[in-house]
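Thanks for coming. I will take a few minutes on one structure, starting with some charged side chains and then going to the chain as a whole. Please have a look at it first.

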Amino acid sequence: MLALAPQDLRLDVNALDYLILALYFAVVVGIGFAARRAIRSSSDFFLAGRALPAWITGLAFVSANLGAIEILGMAANGAQYGLMTVHYYWIGAVPAMVFLGIVMMPFYYRSKVHSVPEFLRRRFNPATQLFNAIAFAVAQVLIAGINLYALALVMEALLGWPLWLSVIVSAAIVLAYITLGGLSSAIYNEVMQFFVIIAGLVPVVVLGLIRVGGFEGLGQKVRESVLGDGGLHTWSTTASTDNPLGASWIGIVFGLGFVLSFGYWTTNFAEVQRGLSARNTNAARLTPIVAAYPKLLIPVVTVIPGLVALVLFSDLGKDGGPAYNYAIPLLMNEFLPNGVLGVAVTGLLASFMAGMAANISGFNTVFTYDIWKGHVNGDKPDEFYVRLGRVATIGGVVAGIGTAFIAAGFSNIMNYLQALFAFFNAPLFATFIIGLFWKRMTPWAGFWGIIAGTLAAFAVYIPYRAELIDLGTDLNASFVAAGAAFLVDAIVSVAITLVTTPKPEEELRGLVYGLTDVDLKDDSIAGDKAWYRSPVVLGSGALVLAAAFYLPFL
Amino acid sequence: MLFDIRRILGGLFAVYGVILVVAGLLDGAEEIAKAEGVRINLWTGIGMLVLAGVFLLWERLRPKDVPDPSDENSGDA
């Protein structure tokens, strides 16, 4: 076992690595300029012209969630909780992604809305749209800032760049390509980032496994580590909360697998937007389903490195040792020679930026359509809104930089905020699911349901943070907060519906299950009928694989 | 006409692949020992060249997979 002091985090990068990094960012900015030429309308800027095939939107969908915080964090979870970390993927993501594709995406896509808040206006009323739009816009800017700050911290530790330099350079690159090319350049960059980060992580996994003696050697060494045998099981220890994750199967299935996961994946506009940019209904439905397949396999490049780092570095996560979050950078330092090292660093940096770009491209759309066009001034010519979108991008990035510097001063507050965003969408999901299947649900029920649900989440989480109530682990606290938000939203929605007037059925056509819009023509293209382009077939395949992957690790 | 992402991916990985293959061939004993005795630059470079080949070939065989975004199939604005 190796002992490590924090200064060992510095990577030994040379000119070759910087060449690889520079090439990547030259291509990124080049994409921005090339995409700019294709932008003729607001639909081109905000929805990539609704012209992309499912494999591109699908990879962008998975990539928008594959930010570096996610990668480093899941490797950290792998080291801390062992194989139970796969629950975040196989039950905590895939089922919700399949549900989004099969059940919800047709409503989003065929109603021709530009955003999730716009859907809320059509189904409920402008007040619901405005509340959700403002909450979303604020959250996206804060998350972009947190992303930027995390990026700067990692770059300082690994490359020795000063904090302000990383913040300004990365913000400038993101600003350049989103302002120029809008959503198309965000999506193209996400696809590119997906392949680069995988190319950087696979060598780490292969070399790490060689060092520890393959899967068998890894299993044996994990059993001998602080994690013990519990680190190698996913379900068999969940009858009680006496397992590394500190969660029972009820918490995992309903808390993680249902409220948290469905809330995040089905209503988070930064994700849904990728589907809205697809070329037709079938491609939109396939977007999250195509994404589910790589999502199934991502634990290979996050959880395995986490476990390898756990058995190789004796002081990982201990007082005076490196934090769990540095599991992957430590392995890069340990194994990768210059060249591949540059690819891995590029992948990390690119995934930080892709995460931020997803936040910013969601923000500029919601700001332009749902806040400005919907509630300030709605009858300007189309070019005005493209220009406004570009201005909003600049504003969003500048606000993100501000947030990053605030985060540098108050990192604890930012941690809490980030935890809060994890269950921010739970009440929204309750509203959606009731609103989609119950045509009687009234506009004001939508509005008050979301407000009450959001307040309920705060009402549970803030006393927990202030240590007024004891909910066990952080994870359990987020299950309880999300569950409370979901239930309160549902109860309030039903109660208000019973005392207010519903919308006439004519206005709900295409927005509620069972009320089809007869004016919509079939937009399928040649080849959509093939089984390998069927959302139901591919979605079921992803679910079966998710279940099968658990079998060796029960 | 918006460029095809497959050409960009193919191009980027072809350049990376060549860089890594050259770096891998020039790697000395120290680099190889660090990577558990594997010429990791060389193998990663070869993998990237294969990936680049797949993207470029795919674009060649099915050139119309990304339609022009200004086409009429794109719905309203």
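Arg110(A) is partly exposed, at a relative accessible area of 25%. This is a predicted model, so please keep that in mind throughout. The partner of Arg110(A) is Asp523(A): their side chains form a salt bridge, 3.9 Å from N to O. That pair links distant parts of the chain, 413 residues apart. Arg110(A) sits in helix α6, residues 94-110, while Asp523(A) is in the loop between α22 (505-508) and α23 (535-550). Asp523(A) is partly exposed as well, with a relative accessible area of 27%.

Next pair. Which residue does Arg211(A) meet in a salt bridge? The partner is Glu334(A), with 3.2 Å from N to O. Arg211(A) belongs to helix α9, residues 163-212, and Glu334(A) to helix α15, residues 327-335, so this bridge ties together parts that lie 123 residues apart in sequence. For Arg211(A) the relative accessible area is 30%, which makes it partly exposed. Glu334(A), at 22%, is also partly exposed, because buried would require under 20%. These two are not on their own: Arg211(A), Glu334(A) and Glu36(B) are linked in a network of salt bridges.

A third bridge joins Asp229(A) and Arg223(A), whose closest N and O atoms are 3.2 Å apart. Asp229(A) is partly exposed at 38%, and Arg223(A) is partly exposed at 47% relative accessibility.

As a general point, side chains of opposite charge can pair when their charged atoms come close. Over all chains, a search of the whole structure finds 13 salt bridges. Chain A carries 30 positive and 32 negative side chains, and the centres of these two sets are 11 Å apart.

Now chain A as a whole. What is it built from, in terms of helices and strands? There are 23 helices and zero strands. The C-alpha trace spans about 70 × 55 × 50 Å along its principal axes. The radius of gyration is 23 Å; a compact globule of 554 residues would have one near 24 Å, so the two agree.

On packing, 62% of the 554 residues of chain A count as buried. Of the contacts in chain A between residues at least 6 apart in sequence, 83% join residues at least 24 apart. Finally, the surface: chain A has an accessible surface of about 19,700 Å², and 67% of that belongs to carbon and sulfur atoms.

That is the end of my part.

Technical notes: Residues are numbered from 1 along each chain as its sequence is written. Chains are lettered from A and ligands numbered from 1 in the order in which they are written. This is a predicted model: local features need pLDDT of at least 70, side-chain atom pairs count only at pLDDT 80 or more; totals for chains, interfaces and linings use all residues. Side-chain values use heavy atoms; hydrogens and water are left out. Helices (H or I, at least four residues) and strands (E, at least two) are DSSP runs, numbered from the N terminus. The radius of gyration is taken over C-alpha atoms; the globule rule is 2.2 Å times the number of residues to the power 0.38. Buried means under 20% relative accessible area, exposed over 50%, partly exposed in between (1.4 Å probe, protein chains only). Contact means heavy atoms within 4.5 Å. Accessible areas come from the Shrake-Rupley method with a 1.4 Å probe; for residues, only the protein chains shown count as cover. Lys and Arg count as positive and Asp and Glu as negative; His and the chain ends are not counted. The place of a charge is taken as NZ of Lys, CZ of Arg, CG of Asp or CD of Glu. A salt bridge is a side-chain nitrogen of Lys or Arg within 4 Å of a carboxyl oxygen of Asp or Glu.
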